[in-house]
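Here's a short set of exercises to work through with the model open in your viewer. Try each task before you read its solution.

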Amino acid sequence: MYVQRVLALFLLAGLHALRAGVARDLAQQFEQMSLDPDECYRVTELNISKEDIKVYLSSGYLIFSKPIAGFRQGAVFVASTDGGDAEILLMPPTRGERLSLATYTQSPNLDEHLKAAAFLFTDGSAAELLASIDATPPKKVPEIGMVLAEQWDPVMRNLSHSFETRLVHDALSKNRQTGLFYMAISGKKLTNFDVLYDLRDREQVFVGALGYQNNRTFFDTWTSFPSRSIRNGAKPPESPEVLSDFRIDATIASDLTMKAVTRVRLTLRQSDSAPLLFSISPNMHVTEARIDGQPAEVFTPESLRSNLIAGRDDRDFLLLPKSPLDPTKPHEVEVRHEGSVIRKAGEGVYYVISRGTWYPHTGPEFANYDLTFRYPKNLTLAATGSSVEERIDGDSKISRRRTDSPIRFAGFNLGDFQSVSMDRNGYHIDVYANRHVETALQPRPTPPAPSPPPIPRMRRDGLDLSPSPPPVLVDPAGRFAEIEKNVDEALDFMTASFGPPATRSLSITPIPAAFGQGFPGLIYLSTVAYLNPDQRPQRLHASYDQMFYSELLEPHEVAHQWWGNLITPADYRDEWLIESLANYSALLLLERTKGVKPLNELLDSYRSHLEEKTETGRTLESIGPISWGRRLESSLAPNAWEVVAYQKGTWVIHMLRRRMGDENFYKFLREVANRYRLSPISTDQFRELAQAYMPARSKDPDLKSFFENWVDGTGIPTVKLSYSWRAGKLSGTLAQSNVGDDFTALVPVEVQMAKQKTVYWLPIASDPIPFNIPMPAAPARVALLSNDCLLIPAH
Ligand SMILES: [Zn+2]
């Protein structure tokens with residue numbers, strides 16, 4: 001997915017079900033959560049330990065919430081005014097995570113004294129705490145409890161509302177092992193922040209806080225990592241249920257609202273009576289559900305904080321089966337949902353929002369899809385999968401599509417389209433374009449120029465015949481033929497280089513926004529890319545923007561048919577790999593068709609974007625390492641994610657290519673596509689596979705140092721090369737500056753002897769490193785190759 005500036009943002013308040021039911025009743029109790037003055041204690045030296053998280057309640061008051069469904073899910077600790085204290089300690093296990101914590105808190109470890117903390121827990125913490133309180137002579141202080149309850153009840157209700165789905169889910173689950181432990185902390189130095197320990201997450205330990213920049217709210221991740229028991233393999237990570245065989249029947253009305261029935265096969269990975277946890281776009285409203293033909297209760301909450309923490313634009317809902325599901329056999333789930341996921345962008349152009357979240361899902365797992373759409377017959381629909389049936393029924397068109405191999409998610413697009421089709425090498429390609437130009441891309445009337453002095457004009461019959469400028473008509477499909485050619489070329493080149501793509505049919509469709517997105521068999525391409533360069537809005541006339549829309553976006557999105565749809569990122573930390581491989585594939589094609597010059601120009605632009613300064617004077621590159629993933633989209637610099645993951649990431653792939661040499665590099669990419677076909681890949685797996693393609697006797701042969709510096713670390717070194725040739729030897733030093741002391745890398749030095757050029761990869765580190773290369777004659781030229789390595793040569 002290539003997100004640039006989004007032209008339009010649409011928000012719609014979510015609808016929510018208000019119906020009776022077990023989950024709804026529980027939710028209402030959680031909304032009224034209150035503290036219990038009879039369970040308020042004066043506590044000293046009470047400790048809480050959640051693997052890497054240690055909390056010491058040295059002296060203060062602890063009050064528990066009243067039980068709901070037989071459990072106490074909340075508590076509040078307040079340090080007493082007379083020398084009360086509490087402390088939280090946490091040490092991130094990796095260099096990258098210590099750097100992350102230090103970026104937000106100025107310290108690589110968390111050691112904070114607390115004024116107060118509000119807890120939510122569904123992991124049995126209340127019972128454990130009450131047991132340790134009981135072990136010492138308990139001191140109940142109900143009169144203080146009355147005061148605390150009055151002060152803190154609104155806070156508890158607010159928090160429990162934020163975690164409503166999870167609280168309801170866990171209250172109905174028998175499995176306490178996958179409960180949640182959450183603290184909202186008011187610290188003495190760091191003010192307010194959140195600590196989360198959740199065995200249902202991929203990374204069980206999380207610390208973060210709300211951050212603000214330019215009137216936007218972010219949930220900044222201070223640190224996030226797998227807990228100790230998961231890191232050392234003592235506990236297996238939680239695996240959710242598996243969905244397969246999606247059958248979706250969707251009807252789009254003339255007002256563009258959608259009503260759909262999604263049927264899917266569900267396999268449980270473990271036996272638990274817990275409700276089923278699904279997600280769907282907040283623009284979709286689940287009206288009814290059945291499991292194995294039996295009605296199931298649907299619980300859809302409104303919840304802000306838990307979604308903010310997860311950085312998601314969809315929300316969870318619960319399905320409660322009538323009776324516990326048999327984990328040994330598959331189940332049929334049927335969900336009816338309706339809502340508005342298509343917006344009007346004006347002038348007969350439509351915008352599908354919620355592109356990957358319009359139907360109920362759990363995670364992006366590979367599954368087969370059978371999709372039927374019924375929609376107004378004056379429109380055209382494009383969707384994932386191969387066409388099985390197209391027909392007209394009254395005022396509607398009916399289109400049925402089926403996937404020929406498992407995919408991660410299914411999408412559709414809709415509009416008043418013109419289209420062309422082609423069949424090439426067993427692949428079917430449809431290219432669609434709008435017949436109109438949306439409002440945002442309509443030419444703005446130019447302000448009148450200062451009126452010139454009146455000049456005599458020829459008049460005939462009293463009519464003024466002076467020419468007025470003709471109206472500018474923007475062609476919504478000015479580059480139609482070019483897009484068709486480019487897509488065909490990209491598909492050919494990439495199939496030859498990486499093997500067959502995920503699907504045998506591919507639709508290219510317009511989206512009225514400034515980005516592209518590559519779904520399996522379906523590409524959303526910015527409407528700007530369809531316009532001839534001179535008809536694009538003036539603000540996009542800079543050469544980088546023009547190149548982005550004309551040269552990069554199409555092949556980048558085509559490349560996602562492999563990188564992203566055939567091979568998926570293992571985790572949010574590996575998303576950069578998918579984006580960078582897609583982007584670099586586009587650059588490889590560009591190099592093949594237009595030569596190395598545009599490749600180097602783009603890499604140069606990326607280097608200067610990375611060097612751009614934020615408001616606080618830091619470079620975008622220095623905000624954080626690539627491996628922070630989407631966490632880079634924070635209040636520190638919202639655009640750091642795109643620049644670091646896509647652009648520095650592209651540099652990383654380019655440097656790897658230069659280290660391997662072209663022949664090995666292409667073999668390597670093909671092997672990545674082959675070995676990880678229809679499965680996830682992690683950065684570590686990618687690095688391990690790359691080792692086998694490094695030339696013999698390479699320095700840093702396992703590439704550990706390469707990935708530590710460029711992927712898990714930050715810094716673009718300024719490198720000074722000094723050298724001299726004497727007595728059959730080229731001697732010199734390489735000195736680095738502008739990077740941290742722990743930065744090390746190999747940098748390319750090119751030596752030219754007569755007509756022959758040789759590249760040496762030589763080390764740089766905090767101290768200047770000398771080199772000696774035997775050389776019978778004086779070289780004609782010795783230079784750092786700044787086209788091949790992310791460095792800045794010092795003069
Ligand atoms: Zn992308």
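Is Tyr544 buried or exposed, going by its relative accessibility? Before solving that, some ground rules: this is a predicted model, where local features need pLDDT of at least 70, side-chain atom pairs count only at pLDDT 80 or more, and totals for chains, interfaces and linings use all residues. Residues are numbered from 1 along each chain as its sequence is written, and side-chain values use heavy atoms, with hydrogens and water left out.

Solution. Start with the cut-offs: buried means under 20% relative accessible area, exposed over 50%, and partly exposed in between, with a 1.4 Å probe and protein chains only. Tyr544 comes out at 16%, so it counts as buried.

**Exercise 1.** Classify the ring pair of Tyr544 and Tyr606, and place both residues in the fold.

Solution. Step one is the recipe: a pair of aromatic rings is described by the distance of the centres and the angle of the planes. Rings of Phe, Tyr and Trp (its six-membered ring) pair if their centres lie within 6.5 Å; planes under 30 degrees apart are stacked, over 60 edge-to-face, and the rest tilted. Step two, plug in the values: the centres are 6.4 Å apart and the planes sit at 75 degrees, so Tyr544 and Tyr606 are edge-to-face. Step three, location: Tyr544 is in helix α10 (residues 543-559) and Tyr606 in helix α12 (residues 596-611), 62 residues apart. Helices (H or I, at least four residues) and strands (E, at least two) are DSSP runs, numbered from the N terminus. Tyr606 is buried too, at a relative accessible area of 0%.

**Exercise 2.** Describe how helix α11 packs on α12.

Solution. First the geometry: α11 (residues 575-594) crosses α12 at about 145 degrees, with the axes 6 Å apart. Axes here are lines fitted to C-alpha atoms, for helices over the stretch in contact, and angles run from 0 to 180 degrees between N-to-C directions. Next, the partners, where contact means heavy atoms within 4.5 Å: α11 brings residues including Leu587 and Leu590, while α12 offers, among others, Leu602 and the Tyr606 of Exercise 1. Finally, sort by class: this contact has nine nonpolar, one polar and two charged residues. Ala, Val, Leu, Ile, Met, Phe, Trp, Tyr, Cys and Pro count as nonpolar, Asp, Glu, Lys and Arg as charged, and the others, Gly among them, as polar.

**Exercise 3.** How many bridges join β8 and β9, and in which sense do the strands pair?

Solution. Two strands pair if DSSP finds at least two bridges between them. β8 and β9 have nine, in the antiparallel sense. Along the ladder, Gly211 stands opposite Phe218 in β9. At the turn, the hairpin has two residues between the strands, and Asn214 takes a positive phi near 45 degrees. As for burial, eight of the ten residues of β9 are buried, so the strand is largely enclosed by the rest of the structure.

**Exercise 4.** Which strands form the edges of the open sheet β36-β35-β38?

Solution. Read off the order first: three strands, β36-β35-β38, with antiparallel pairing. The edges are β36 (756-764) and β38 (781-784), each pairing on one side only. The twist averages 25 degrees from one strand to the next. Now zoom in: β35 (residues 745-753) and β36 share nine bridges, and Pro748 stands opposite Trp761 in β36.
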